Amino acid sequence: MTLSTSSGGPDAASARAAAVSITVRTRPRRWFRSQAARRLGFGYLLLAPAVLYVLLLVGVPFLFSIYLAMSDATVGDTNASFIGLENFRAAFESDVFYIALRNSVLFTVVAAIFKGLLGTTLAFLLLRPFWGRKVIRGLVVIPFTLPISISVLGWKWMYDSQFSVINWFLSQIGIIGRYGSADWPIWLGQPLLALSACIAVNVWRNFPFSAIVLLAGFTSVPTEILDAARVDGTSFVQRFRHVVVPMIAPILLIGLLFDTVFTLSDLGVVYLLTQGGPANATKTLPVLAYQVGIQAGALGRGAAIALFLFPLLLPLMILLLRNLKRREY
Amino acid sequence: MSDSRPALTKDSVTRRGFLKVTGAGVGGASLLTMLAARQAPAQIKGTTLRILQWSHFIPAYDTWYDAFAEDWGKKNGVKVRVDHIPHLEIPARMAAEFAAGAGHDIIYNGSSILTRLYYKNLVDLTDVADTAAKKYGGWIPSAKSLVEVEGRWYGLPIFYILAPMLYRKDLFDQNNLKAPDTWELARVAARTMKAKGHPTGIALAQCNDANLMWRSAFFSFGGTEADPSGDHPTLDSKELREFLKFAKAIFDEGMTPEVFSWDDASDNRYLASGIACWIHDAISAYRTTEDTNPDVFKNVVLGLEPQGQPGKRVSVAAPNVWMVWKFSKNQQAAKEWLAYLVDNDLEGMVQSRGYNMPYLNDRYKKPMPVIGSDPKLQILQDFPKIVAFYGYPGPSTTPIQEIVNTFVFPDMITRFCRGQSLEDAIKWGVGEYRRIYGKYKQA
């Protein structure tokens, strides 16, 4: 009996269980005092500054813009009344808004395609060893670093209807006629050309950024893997598609995200080149929001127009971030 | 016990009434004395005055203005700081300063006059305006439309920029063309000269010039933008139809599609390059041509605003107004400086090479500085009676500012010139006017 008790058995087991249950009852340990809870709490504490930072710098302005968009706020009055979705309805009533919405999407997508193509080409060129590579790498980022007002004014001159150096060059090599002829392009005066001209300046300004991002990605791919792929007989395109791109995908996606946000919210290029003209042919949402909200003073309606950028960006962000998360595991 | 004091009659003076009247009298007399003596009161000494204004098209004017302000500051013991920014950035800066409740004491508005948007937060400058009016024979009729709200002046107009006709006399003479005294004659000249390689041009893009110049023609055709109260849009009219048909005709016959891409300086270059037979622009075009192409310059002549309807001339000018923030801690010095600036507006006209036109009647005594001594510019002295601003014949209201800033008027013309039907273009333009006015009425 004694042996049986000491070596275990049904009775011993129930006695141990009873003892355990008594111990739990007499010394209750709260969860938040546990080691796991403390570690979790410490983690959140470390995270708090970053969360606070994001909330203050992103959350508060975002909520404030929603508040403005749902009020009759003007730039000259501190009092504003809640008017619900009236400002959004006002935006939908104006056909200029639809033109701006269409142009914003077109501007962003077309510019992204060209920046991707040119950026990739430039990154590959800069990857290869050649004399003066470091200097060239420094020079290519100049468009990106120049103040936007200066660089865009330079382009404005190049697009000038009378003194365009682009037209002069095209005329000299015989592609177009002389000034005043029917085929003399008026870059900022014809709707499609004007939008293309604005996109071209955005591409010129930002494709070095794409190139630098890609270059950083390319240099992080181990050469052994590329060599192994080469030994396996893969072509350049196959290596790029099946080895390089999957390996640098997180960098590519983050770069794409940044570029989309910058392009969609780009005010400077269009505003300085055309102010949205001719006849709103190049009007984008940021330009319209600025003209209505700040220049005309209807802050509420301007905020509502600007907020339409958010649903445009949201699906893309969700897709990209999901993709990124999936790749982490 | 009965009150032994005499009963108050209608003519009696109460203590409170006495204090009010004498206080106002002493205050008013002090201000008048100060203004007359051009001597600032002691309380502004040791203060700082911050002024925000545009970068003038004539850089020499800014150089003079800064030194002039500094000199005034030294004489009056006020530290003056003048900041210049491009005029298109002023509305954004104004909004930021108002939101922050801090910034400059005096803020400038050019072309886009936002008095009605901000007047609750601006200092009442009626006293300064009244003093100037008494001294200089009153303000020109259109001045008050810019700054008056509910009978008070919340801004001080200092100068405006005229846009006359500038035409090539040599080309006109060679082709037996009459001076463009009517818009019809201007059209005939444009049609004739385009065929000979000298078209004309008025901007049809989204820029200030497009807003200003086409409105001059429209108003001269008898059109109006709003009623005199400024509360109701009056765009939709037979005059609008007549004007639009004219605009399309002059575009087709006498211009090139270049005008769709123009900015405010394009027509200056068009004239200076020797291409344009005439343009309708500020005298910056005249000065640019003078500086860059003397051969063309010697043949450039200025003309009065062309008539649309017989005898009807309306010249839409770009106004410039100064305002003082209510949050300014140095309102007295701001008023003193503005009064001094008005007193010296003719000097400003000289320094701007005749570009700045004053708003006060007595300033138009001939010969005026700069423009009175230049035979070609003398015609500018006859403009003040026909000068108007956005919203004509009404004041420069908030809906009008939105219409101007979103370029509804030139866009309506552009649509028609680009091939949209007359009725569709009008429907769009009038619709935009009504929509924008409707928003402000709701608010």
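Hi everyone, let's start with a pair of strands: in chain B, strand 1, residues 48-54, runs parallel to strand 2, and 7 bridges join the two. This is a predicted model, so please keep that in mind throughout. Within that pair, B:R50 sits opposite B:R81 of strand 2.

Now zoom out to the sheet. Strands 1 and 2 of chain B belong to an open sheet of 5 strands, with the order 2-1-3-11-6 and mixed pairing. Which strands are at the edges? They are strand 2, covering 79-85, and strand 6, covering 156-161, and each pairs on one side only. Ignoring direction, neighbouring strands in this sheet are turned by 15° against each other on average.

As a quick reminder, strands of a sheet pair through backbone hydrogen bonds, either parallel or antiparallel.

There is an antiparallel example in chain B too. An open sheet of 3 strands has the order 8-7-9, with antiparallel pairing. Strand 8, residues 278-280, and strand 9, residues 300-303, each have a single partner strand, so one side of each is left without a neighbour in the sheet. The average turn between neighbouring strands here is 20°, again with direction ignored. If you look at strand 7, residues 165-168, you'll find that 3 bridges pair it with strand 8 in the antiparallel sense. One residue to click on is B:Y167, whose bridge partner in strand 8 is B:W278.

Next, the domains. Chain B is divided into domain 1, made of 18-161 + 318-364, and domain 2, made of 165-316 + 385-442. Their C-alpha centres lie 31 Å apart. How many residues of each domain are in contact with the other? The answer is 19 residues of domain 1 and 17 residues of domain 2. On the domain 1 side, helix 4, helix 6 (144-147), strand 6 and strand 11 (318-324) each supply at least two residues. Sorted by class, that side of domain 1 has 11 nonpolar, 5 polar and 3 charged residues.

Let's bring in the other chain. Between the chains, 36 residues of chain B are in contact with 28 residues of chain A. Several helices of chain B give two or more residues to the side that touches chain A, among them helix 3 (90-100), helix 11 (266-272) and helix 18 (422-442). By class, this side of chain B has 16 nonpolar, 11 polar and 9 charged residues.

On to the interior. The largest nonpolar core has 197 residues, and those with the most contacts inside it include A:C198, A:L273 and B:L338. Helix 10 of chain A, residues 191-220, gives the largest share of this core, with 13 residues. What does A:L273 touch beyond its neighbours within four places in sequence? Its contacts are A:V152, A:W155, A:K156, A:L188, A:A197, A:C198 and A:V201.

Last stop, a loop in chain A. A:D183 lies in the loop between helix 9 (165-172) and helix 10. Is A:D183 buried or exposed? A:D183 is exposed, because just 11 other C-beta atoms lie within 10 Å, and the cut-off for exposed is 12 or fewer. Not counting residues up to four places away in sequence, A:D183 touches A:I176 and A:G177. Its C-alpha atom is separated by 9.9 Å from that of A:S171, 12 residues apart along the chain.

That's my tour, thanks for listening!

Terms used: Residues are numbered from 1 along each chain as its sequence is written. Chains are lettered from A and ligands numbered from 1 in the order in which they are written. This is a predicted model: local features need pLDDT of at least 70, side-chain atom pairs count only at pLDDT 80 or more; totals for chains, interfaces and linings use all residues. A nonpolar core is a set of buried Ala, Val, Leu, Ile, Met, Phe, Trp, Tyr and Cys residues joined through C-beta atoms within 7 Å. A residue is buried if 20 or more other C-beta atoms lie within 10 Å of its own, exposed if 12 or fewer, and partly exposed in between; C-beta atoms are placed from the backbone. Helices (H or I, at least four residues) and strands (E, at least two) are DSSP runs, numbered from the N terminus. Two residues are in contact if their C-beta atoms, placed from the backbone, lie within 7 Å. Ala, Val, Leu, Ile, Met, Phe, Trp, Tyr, Cys and Pro count as nonpolar, Asp, Glu, Lys and Arg as charged, and the others, Gly among them, as polar. Two strands pair if DSSP finds at least two bridges between them. Axes are lines fitted to C-alpha atoms, for helices over the stretch in contact, and angles run from 0 to 180 degrees between N-to-C directions. Domain bounds come from an automatic or database domain assignment.
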